[in-house]
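Student: Could you take me through one part of this model up close? I'd like to hear about the nonpolar patch on the surface, and what surrounds it.

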Amino acid sequence: MLDTTQSEAQTDPTPPENEPRGCLFALSQPPLMIFLAVIGCLLLMAALHDLLLL
């Protein structure tokens, strides 16, 4: 018969304390993504201004 019970390791949503989260975890945070989007838009506007209006 198939065992459908879950182990304690699968039910614990918190990661281990000593495991590093890495760069992808940092990029998934909304404030950082908003900040990077604003900086990217400013750089794009400055580049378009230089190319088209000057």
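Tutor: Here's a walk from the whole chain down to the patch and one residue in it. Keep in mind that this is a predicted model. The average pLDDT is 80, with 70% of the residues at 70 or above. Confidence varies by element: helix α3, spanning residues 30–53, has the highest mean pLDDT at 94, while helix α1, residues 8–11, has the lowest at 55.

As for the layout, you're looking at 3 helices and 0 strands, so to speak a plain α-α-α run along the sequence. Of the 54 residues in the chain, 0% count as buried. The chain exposes about 5400 Å², and 69% of that comes from carbon and sulfur atoms.

Now to your patch. It's a nonpolar stretch of surface of about 1200 Å², and its members include Leu-24, Leu-27, Met-33, Phe-35 and Ile-39. Two helices, α2 (23–27) and α3, each put in at least two residues. The top contributor is α3, which supplies 10 residues of the patch. That's also the helix with the highest mean pLDDT.

Zoom in on Leu-36, another member of the patch. Leu-36 sits in helix α3. Its relative accessibility is 41%, so Leu-36 is classed as partly exposed; the partly exposed class runs between the under 20% of buried and the over 50% of exposed.

Note on methods
Residues numbered from 1 in each chain as written. Predicted model: local features only at pLDDT ≥ 70, side-chain atom pairs only at ≥ 80, totals over all residues. Heavy atoms only, no water. pLDDT = per-residue confidence, 0-100. Helix = DSSP H or I, 4+ residues; strand = E, 2+ residues; numbered from the N terminus. Patch = residues over 30% accessible without salt bridge, like charges linked within 9 Å, V, L, I, M, F, W, Y side chains within 5 Å. Areas by Shrake-Rupley, 256 points an atom, 1.4 Å probe, with all protein chains shown as cover. Salt bridge = Lys/Arg side-chain N within 4 Å of Asp/Glu carboxyl O. Buried < 20%, exposed > 50% of the residue type's maximum accessible area, 1.4 Å probe, protein only.
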